[in-house]
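Please look over the sequence and the model below before reading on. The paragraphs after it are meant to be read with the coordinates open.

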Amino acid sequence: MTTDGTIQLRVNGEHRRVLAGLTLSGLAAELGLDPAKVAVERNLEVVPRSTLDQVLVEDGDELEIVHFVGGGDHGDDSWTVAGRTFRSRLIVGTGKYKDFEQNAAAVAASGAEIVTVAVRRVNIADPKAPMLTDFIDPKKITYLPNTAGCFTADDAIRTLRLAREAGGWNLVKLEVLGEARTLYPDMIETLRATEILAKEGFEPMVYCADDPIAAKRLEDAGAVAIMPLGAPIGSGLGIQNAVMIRLIVEGAKVPVLVDAGVGTASDAAVAMELGCDGVLMNTAIAEAKDPILMARAMRAAVDAGRMAYRSGRMGRRMYADPSSPLAGLI
């Protein structure tokens, strides 16, 4: 249990933080479900419905909650970060587009409910110049202020303090870069910034190296989401480190999203097939010859990869296995 009296659960494959002391029936009610109409499996054991109001949830519990639906209905496949629930698992950036209008059209085509936004000085010379908020409504799309371009923990912290003052945001994206050539994260500075921001009430989603140990330390420091790079920022090289990302996913109790490296739709699908909760991208859409069409492609790829992960891929075999039966062969 954390100092705020909450515990971390995994419910139907999604990370959730809830108040300690809840019973299973209380959890169902909090999720908007009727305890009398669901069945619960807790840590691979079915819990009798008659005891749902007696069994307490515990930190680290793995829960499956099911009910009957019409055939072919995939049900709610939303995900939650820092208590906020979203349906789209695609987060898009707001840089590199030719103008705000194209940016807004790409966001709409992608179906994204979260966009990352950089914090920059106001153009005092032209205070009436168009602003992002004129095209992407922060009341409809969640803004995720980020620390792009920061190379020290102090700069990142200062940037996010200003962002919170400007828009009231606590949910933020933290990145502290090590050097300009690779834009690889400086994990020592990143960890320091995460600890300070979490103590100040921020909810940092943290860009990090593809290192399971570092990811766990970030989580312990207060990160509400772990965001390992798939390849260097803006490279479009695709997922270069599938094994490490899978290890991070397996060990995390908070959402894991691939951040950086995606170049095309198949890269996004691979990230989702690894079990990631989502994918963040900017350049892959903004620098496509047709950003709007690419945004639609990325939306479909994220959905396809997620469905493939949920369905469970077939096992790999060393030799062929015929799909048609051999019995009765003419």
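What follows goes through a predicted model, moving from an open sheet to a helical crossover, then to the nonpolar cores and finally to the salt bridges.

A convenient place to begin is the open sheet, which is formed by five strands in the order β2-β1-β5-β3-β4 with mixed pairing. Its edge strands are β2 (14–19) and β4, each of which pairs on one side only, and neighbouring strands of this sheet are turned against each other by 35 degrees on average when direction is ignored. Within it, strand β1 (residues 6–11) and β2 run antiparallel and are joined by six bridges, and a reader who wants a point of register can take Ile 7, which stands opposite Val 18 in β2.

Another group of strands is arranged around β15. Strand β8 (residues 90–92) runs parallel to β15 and is joined to it by three bridges, with Val 279 of β15 serving as the bridge partner of Leu 90. β14 is likewise joined to β15 by three bridges, and these two strands also run parallel; here Leu 257 stands opposite Gly 278 in β15. Which residues cover the two faces of β15? Gly 278 and Leu 280 lie on one side and Val 279 and Met 281 on the other, and all of them are buried. This arrangement can be read against a general rule, namely that side chains in a regular strand alternate between the two faces of the sheet.

The connection between β14 and β15 deserves a separate look. β14, α7 and β15 make a right-handed β-α-β unit, and in the helix of that unit, α7 (residues 265–273), the buried residues are Ala 265, Asp 267, Ala 268, Ala 269, Ala 271 and Met 272. The buried residues of α7 pack against both strands of the unit, β14 (257–259) and β15 (278–281), and also against α9 (291–311). Just after α7, Gly 275 takes a positive phi of about 100 degrees.

The nonpolar interior comes next. In soluble globular proteins, nonpolar side chains tend to be buried together. In this model the largest nonpolar core has 61 residues, and the members that touch the most others are Val 115, Ile 136, Leu 174, Ile 226, Met 281, Ile 285 and Met 298. Met 281, one of these, is also among the buried residues of β15. A second, separate core of 14 residues includes Val 11, Leu 24, Val 38 and Leu 63.

Leu 174 illustrates the surroundings of a core residue: leaving aside its neighbours within four places in sequence, Leu 174 is in contact with residues that include Thr 147, Ala 156, Leu 160, Ala 193, Leu 197, Met 205, Val 206 and Tyr 207. A polar residue can be inspected in a similar way. Asn 103 is found in helix α2 (residues 100–110), and because its relative accessible area is 1%, Asn 103 counts as buried. Beyond its neighbours within four places in sequence, Asn 103 is in contact with Gly 93, Thr 94, Tyr 97, Leu 132 and Ile 136, and Ile 136 is itself one of the residues that touch the most other members of the largest core.

The charged side chains complete the picture, with 16 salt bridges found in the whole structure. One of them joins Asp 61 to Arg 42, at 2.9 Å from N to O. This pair links distant parts of the chain, Asp 61 lying in the loop between β4 (45–47) and β5 (62–66) and Arg 42 in strand β3 (residues 39–42), 19 residues apart. Asp 61 counts as buried because its relative accessibility is 4%.

Arg 89 forms a salt bridge with Asp 77, the closest N and O atoms being 3.3 Å apart, and both residues are buried. The two also belong to a network of salt bridges that links Glu 14, Asp 77, Arg 89, Arg 306 and Arg 310.

A salt bridge within one helix is found between the side chains of Glu 219 and Lys 216, at 3.9 Å from N to O; both lie in helix α5 (residues 212–221), three residues apart, about one turn of the helix. Are these two partners buried or partly exposed? Glu 219 counts as buried because its relative accessibility is 13%, whereas Lys 216, at 34%, counts as partly exposed.

Notes:
Residues numbered from 1 in each chain as written. Predicted model: local features only at pLDDT ≥ 70, side-chain atom pairs only at ≥ 80, totals over all residues. Heavy atoms only, no water. Core = buried A, V, L, I, M, F, W, Y, C linked by side-chain atoms within 4.5 Å. Buried < 20%, exposed > 50% of the residue type's maximum accessible area, 1.4 Å probe, protein only. Contact = heavy atoms within 4.5 Å. Helix = DSSP H or I, 4+ residues; strand = E, 2+ residues; numbered from the N terminus. Pairing = 2+ DSSP bridges. Right-handed = clockwise from strand over helix to strand, strands pointing away. Salt bridge = Lys/Arg side-chain N within 4 Å of Asp/Glu carboxyl O. Axes fitted to C-alpha atoms, helices over the stretch in contact; angles between N-to-C directions.
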